[in-house]
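Reader: Could you walk me through one part of this model up close? I'd like to hear about the helix nearest the start of the chain and what its side chains get up to.

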Amino acid sequence: MRPVTPFDFFRPAMQATQILLESQMVIWLRLAGMAGLWRMQPEETNRMVAEKVTAGMDAAHAALRVGMAGGSAPKVAMAALTPVRRKTRSNARRLQKSA
């Protein structure tokens, strides 16, 4: 097994950056929808709370699975970030269509 280098963390860092940007967009779109700037689904407020629990559990499960299999720190990070990114990307796309 080769040693981990700082460059191995480039993909997880880029994934985290994309999560940051998309989540800020989702927050803005939801707040604007709650303020009445456009029509928003009634279940959106419940959804924004419930999805965090699901995404967090999926991320923890994926990271644990990769870590227990002997994955390196960058692989564990990517495994943890992937479910969260999937959720932020789908939310951003869905809310942009309604805006």
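Author: Quick bit of vocabulary: helices here are DSSP runs of H or I with at least four residues, numbered from the N terminus. Keep in mind that this is a predicted model. With that naming, Leu31 sits in helix H1, which covers residues 10-34.

Let's start with the rings. There's 1 aromatic pair in the structure. It's made by Trp28 and Trp38, whose ring centres are 5.8 Å apart with the planes at 55°, so the pair counts as tilted. Trp28 belongs to H1, while Trp38 is in the loop between H1 and helix H2 (44-68), so the pair ties together parts that are 10 residues apart in sequence. How open are the two? Trp28 has 53% relative accessibility, so it counts as exposed, and Trp38 is partly exposed at 22%.

Back to Leu31: its relative accessibility is 52%, and since the cut-off for exposed is over 50%, Leu31 makes it into that class. Together with Ile27 and Met34, Leu31 makes a nonpolar surface patch of about 280 Å².

Then there's the pocket side of the story. The largest pocket has a volume of about 240 Å³. It's lined by 16 residues, and those closest to its centre are Arg30, Glu51, Lys52, Thr88 and Asn91. H1, H2 and helix H3 (73-98) are the elements that each give two or more residues to that lining. H1 gives the most, with 7 residues.

Definitions and conventions:
Residues are numbered from 1 along each chain as its sequence is written. This is a predicted model: local features need pLDDT of at least 70, side-chain atom pairs count only at pLDDT 80 or more; totals for chains, interfaces and linings use all residues. Side-chain values use heavy atoms; hydrogens and water are left out. Rings of Phe, Tyr and Trp (its six-membered ring) pair if their centres lie within 6.5 Å; planes under 30 degrees apart count as stacked, over 60 as edge-to-face and the rest as tilted. Buried means under 20% relative accessible area, exposed over 50%, partly exposed in between (1.4 Å probe, protein chains only). Patches are made of residues with over 30% relative accessible area and no salt bridge: like charges are joined within 9 Å, nonpolar side chains (Val, Leu, Ile, Met, Phe, Trp, Tyr) within 5 Å. Accessible areas come from the Shrake-Rupley method with a 1.4 Å probe; for residues, only the protein chains shown count as cover. A salt bridge is a side-chain nitrogen of Lys or Arg within 4 Å of a carboxyl oxygen of Asp or Glu. On a 1 Å grid over the protein atoms alone, a cavity is a set of points where a 1.4 Å probe fits but cannot get out, and a pocket is an open set with protein on both sides within 12 Å along at least five of seven lines; lining residues have an atom within 4 Å of a point. Grid points are joined across faces, edges and corners, and a volume is the space filled by probe spheres set on the points.
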